[in-house]
Amino acid sequence: MSDQLALNVSLRADATFETFVPAPSQQELGGALQAFACAQGSEQQWYLWGAPQTGKTHLAQAACHAAGDAGGAVAYLPLAELGAHGAGLLEGMDRLDLLVIDDVDRVWLDSEWARSLFGLVNAVREHGGRLLFTAAERPAQALLPDLRSRLLWGPVYQLQRLEDDGLQVLAGRAAAARGFALGVNEVQYLLRHGPREPRALIELLERIDQASLRAKRRVTVPFIRSVLVADGPPPAPMAPERVKTDV
């Protein structure tokens, strides 16, 4: 935990299970992972993998929030940012209630990291703690066989990208959390002309919210268009077909 604080690792306040929007085939995932994070059940380890923008980091941080709120000792290690500090980061973390290692695939081919991760999994299980790993892929065949087998000891989930329906729900929730509503036309316009990656879509909604507050204007299609124009080249004209929406 001291290493985490010294390296200024922080969690996003909005990365919670309540704000997570799963793919249709994975509606049960948030509740099951939350139960694991709060030590409800016998599982000691989870492994989440998937392409970028499928929610790995969101769920990793949500697990930390949930475990911390339940009174557990928690650490979050995003190895895309911290991997260069070396495997010594893992020292003493086997006694935490929950250790979350985000982007483990960034380091698992490094021999020092591989040995340390192997020892970590064994020590965490011995001490009764819990481990959550995320990666862009399943453990690679090139890994040390013993480490590969240990990374697969618990449940393994492949996260799926959000399609239109999920992005519509995400946009609606993100807007509501910021105190404004998106109508059907506004959601359709966002999905046609804005980014389709969840994090970038949320960042756009944050800019729209701030611009709306400054201008004291409602969030309408023309207002969204003005924000997009201010961000870069004007969006193309709207196509005549409409995006299906349940919002």
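In this predicted model, the largest pocket has a lining of 34 residues, and those nearest its centre are Arg12, Gln53, Gly55, His58 and Pro198. The space within this pocket comes to about 650 Å³. Four elements each give two or more residues to the lining: α3 (56-69), β4 (130-135), α7 (164-177) and α9 (198-215). Of these, α7 supplies the largest share, with four residues. Sorted by class, the lining of the largest pocket holds 14 nonpolar residues, alongside ten polar and ten charged ones.

Attention can now turn to the aromatic side chains. Across the whole structure, a search returns two aromatic pairs. One of them is formed by Trp46 and Tyr157, whose ring centres are 5.0 Å apart; their planes meet at 5°, so the pair is stacked. The two partners come from distant parts of the chain, being 111 residues apart: Trp46 belongs to strand β1 (residues 45-49), and Tyr157 to strand β5 (residues 156-158). Their surroundings can be described in terms of accessibility as well. Trp46 counts as buried, with a relative accessibility of 4%, whereas Tyr157, at 23%, counts as partly exposed. Because the cut-off for burial is under 20% relative accessible area, Trp46 at 4% falls on the buried side, while Tyr157 at 23% does not. The picture is completed by Phe36, which ring pairs link with Trp46 and Tyr157 into a cluster.

The cysteines offer a further point of interest. A disulfide is a covalent bond between the sulfur atoms of two cysteines. How many disulfides are there in the model? The count comes to zero. For Cys38, which is in no disulfide, the nearest cysteine sulfur is that of Cys64, 11 Å away. Cys64 is likewise in no disulfide, and the nearest cysteine sulfur to it is that of Cys38, at 11 Å. A disulfide requires the two sulfur atoms to lie within 2.5 Å, so the 11 Å between the sulfurs of Cys38 and Cys64 rules out a bond by this rule. As for accessibility, Cys38 is partly exposed, with a relative accessible area of 23%, whereas Cys64 is buried, its relative accessible area being 5%.

Notes: Residues are numbered from 1 along each chain as its sequence is written. This is a predicted model: local features need pLDDT of at least 70, side-chain atom pairs count only at pLDDT 80 or more; totals for chains, interfaces and linings use all residues. Side-chain values use heavy atoms; hydrogens and water are left out. On a 1 Å grid over the protein atoms alone, a cavity is a set of points where a 1.4 Å probe fits but cannot get out, and a pocket is an open set with protein on both sides within 12 Å along at least five of seven lines; lining residues have an atom within 4 Å of a point. Grid points are joined across faces, edges and corners, and a volume is the space filled by probe spheres set on the points. Ala, Val, Leu, Ile, Met, Phe, Trp, Tyr, Cys and Pro count as nonpolar, Asp, Glu, Lys and Arg as charged, and the others, Gly among them, as polar. Buried means under 20% relative accessible area, exposed over 50%, partly exposed in between (1.4 Å probe, protein chains only). Rings of Phe, Tyr and Trp (its six-membered ring) pair if their centres lie within 6.5 Å; planes under 30 degrees apart count as stacked, over 60 as edge-to-face and the rest as tilted.
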